[in-house]
Amino acid sequence: PPEGKQRVFGELAWEDAPSASIDGVRKAKLNEIRLECESSINAGFISDALGYDVHYRCTRDDQGMIRDAKTEGGGLLWRNETLTAHTSAQTSKVFTAMINHRDVVCKSKYALKMTYIIDPVRTIDEINAVTWDSNE
């Protein structure tokens, strides 16, 4: 359909599409940013727990695996897509790096974006302009 138009059911004509409410735009943007936040967390983090920089996965399952290995005093963790044994000290260091990664992504970036989006003075255009990588 032409931009800003929608098909009238059962008709061959176009009419103006209903304009989005600010609440609908806000809700959609909050969901979009939440998904981007989750994706950023899942992308993983770097830790030097093994004496050099290594990438660790950080899905919910991986977070549980890291937490359990820390609690149990060591264990197998995914690093660079390889399941590798870690000592208690190494696991503690990976766990700390994971928490720092989540804090930076969630408590900093995500929280700031949520605060900006839900601010009642924001316009639809301002809300629509927010992206995971934008600076508000």
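# Notebook: helix α3 and the core

I began with the buried side of helix α3. Its buried residues are Q90, T91, V94, F95, A97, M98, H101, V105, K113, M114, Y116 and I117. I keep in mind that this is a predicted model.

**Entry: the chain as a whole.** I stepped back to place α3. The chain has four helices and six strands. I read their order as β-β-α-β-β-α-β-β-α-α. The chain has 136 residues, and 31% of them count as buried. I then looked up contacts with a separation of 6 or more. Residues 24 or more positions apart account for 46% of these. For the surface, I noted about 8,700 Å² exposed, with carbon and sulfur atoms supplying 53% of it.

**Entry: the length of α3.** I checked the span of this helix. It covers residues 88-118, which is 31 residues. At 1.5 Å a residue the helix should span 45 Å, and its end C-alpha atoms are 42 Å apart, so the two values agree. I also looked for a bend. I found one of about 30° at Y110.

**Entry: H101.** I picked one residue from the buried list. Is H101 buried or exposed? Its relative accessible area is 14%; the cut-off for buried is under 20%, so H101 is buried. H101 lies in helix α3. I asked what its side chain meets. A polar atom of that side chain lies 3.3 Å from the backbone oxygen of G44. Leaving out residues up to four places away in sequence, H101 touches S40, I41, G44, F45 and C58.

**Entry: F45.** I followed the contact from H101 to F45. With the same sequence neighbours left out, F45 touches V54, H55, Y56, R57, C58 and I66. F45 also touches V94, A97, M98 and H101.

**Entry: the core.** I looked up the largest nonpolar core next. It has 24 residues. Which residues have the most contacts inside it? They are F45, Y56, I66 and V94. The elements giving two or more residues to this core are α1 (22-42), β4 (54-56), α2 (60-71) and α3. Helix α3 gives the most, with eight residues. I added a general remark: in soluble globular proteins, nonpolar side chains tend to be buried together.

**Entry: tying it up.** I went back to F45 with the core in mind. F45 touches Y56, I66 and V94, and these three are listed with F45 for the most contacts inside the core. V94 is also among the buried residues of α3.

Definitions and conventions. Residues are numbered from 1 along each chain as its sequence is written. This is a predicted model: local features need pLDDT of at least 70, side-chain atom pairs count only at pLDDT 80 or more; totals for chains, interfaces and linings use all residues. Side-chain values use heavy atoms; hydrogens and water are left out. Buried means under 20% relative accessible area, exposed over 50%, partly exposed in between (1.4 Å probe, protein chains only). Contact means heavy atoms within 4.5 Å. Accessible areas come from the Shrake-Rupley method with a 1.4 Å probe; for residues, only the protein chains shown count as cover. The expected span of a helix is 1.5 Å times one less than its number of residues. The bend at a residue is the angle between axes fitted to the seven residues ending there and the seven starting there. A polar contact is a pair of N or O atoms within 3.5 Å; within protein, one must be able to donate a hydrogen and the other to accept it, and residues adjacent in sequence count only if both atoms are side-chain atoms. A nonpolar core is a set of buried Ala, Val, Leu, Ile, Met, Phe, Trp, Tyr and Cys residues joined through side-chain atoms within 4.5 Å.
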